[in-house]
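I am opening a notebook on a structure that is new to me. My plan is to go from the whole chain to single residues, and to write down what I look up along the way.

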Amino acid sequence: MSIFSYGFNRTAVLRRSIGTNSDGDVMYGEPEQIRCCFVYKRRETVDKNGNKAVSEATLYTDTEIQPLDRIEFEGRTWTAVSATSACGLSGKADHWEVRL
């Protein structure tokens with residue numbers, strides 16, 4: 001549990017990237033609900049391949065998320081451009097900051 005869990009007062013649906021099919025399309029797992037904080041703010045970020053990308057929003061959650069995972073929030077589907085863990089006071093991963 002994150003020290004910021006009290007601020008994760010919204011819910012979103014997470015569909016984890018589970019690989020690609022024979023056509024090269026990304027496949028997704030079963031949906032799961034997660035608690036989060038969602039902030040609409042445009043900023044430049046770097047994707048998992050090191051390319052510059054524009055992020056329209058940031059999702060904060062105590063659920064681990066990887067690039068290419070899908071997030072459904074307020075009727076819109078977002079793809080994680082980048083995801084990083086933030087360490088807590090214990091030195092272990094406390095929460096994830098995901099650029100969408």
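How many helices and how many strands does the protein have? Working from a predicted model, I find zero helices and nine strands. Reading along the sequence, I therefore write the pattern as β-β-β-β-β-β-β-β-β, in which each strand is a DSSP run.

**Entry: overall dimensions**

I looked up the radius of gyration, which is 14 Å, and this agrees with the value near 13 Å that a compact globule of 100 residues would have. Taken along the principal axes, the C-alpha atoms fill a box of roughly 45 × 30 × 25 Å. Of the contacts with a separation of 6 or more, I note that 48% are between residues 24 or more positions apart.

**Entry: surface and charge**

The accessible surface comes to about 6300 Å², and 47% of it belongs to carbon and sulfur atoms. Of the 100 residues, 35% count as buried. I also looked up the charged side chains, and there are 13 positive and 14 negative ones, with the centres of the two sets lying 6 Å apart.

**Entry: the nonpolar core**

Which residues touch the most other members of the largest nonpolar core? This core has 15 residues, and the ones I was looking for are L59, I65, I71 and L100. The elements that give two or more residues to this core are β1 (10–15), β4 (32–46), β5, β6 and β9 (93–99), and β4 gives the most, with three residues.

I then followed I71 on its own, leaving out residues up to four places away in sequence. The residues that I71 touches on this count include L59, I65 and L100, which I had just listed among the core members. Its other contacts are A12, V13, L14, I34, R76, T77 and W78.

**Entry: two threonines**

Is T63 buried or exposed? T63 has a place in the loop between β5 and β6, and its relative accessibility is 17%, so I enter T63 as buried, the cut-off being under 20%. Not counting residues up to four places away in sequence, T63 touches L14, R16, I34 and W96.

T84 lies in strand β8, residues 82–87, and counts as partly exposed because its relative accessibility is 45%, a value between the 20% and 50% cut-offs. Leaving aside neighbours within four places in sequence, I find T84 in contact with H95, W96 and E97. W96 is thus a name that I have written down for T63 and also for T84. I looked up one distance as well: T84 and E64 are 20 residues apart in sequence, and their C-alpha atoms are 8.9 Å apart in space.

**Entry: backbone angles**

Most residues other than glycine have a negative phi, so I looked for exceptions. One of those I noted is L68, with a positive phi of about 80° although it is not a glycine. L68 is found in the loop between β5 (52–61) and β6 (70–73), and I enter L68 as partly exposed because its relative accessibility is 30%.

Where is E74, another residue with a positive phi? E74 has its place in the loop between β6 and β7 (76–79), and the phi of E74 is near 50°.

Terms used:
Residues numbered from 1 in each chain as written. Predicted model: local features only at pLDDT ≥ 70, side-chain atom pairs only at ≥ 80, totals over all residues. Heavy atoms only, no water. Helix = DSSP H or I, 4+ residues; strand = E, 2+ residues; numbered from the N terminus. Buried < 20%, exposed > 50% of the residue type's maximum accessible area, 1.4 Å probe, protein only. Rg over C-alpha atoms; globule rule 2.2 N^0.38 Å. Contact = heavy atoms within 4.5 Å. Areas by Shrake-Rupley, 256 points an atom, 1.4 Å probe, with all protein chains shown as cover. Lys, Arg positive; Asp, Glu negative; His and termini not counted. Charge placed at Lys NZ, Arg CZ, Asp CG, Glu CD. Core = buried A, V, L, I, M, F, W, Y, C linked by side-chain atoms within 4.5 Å.
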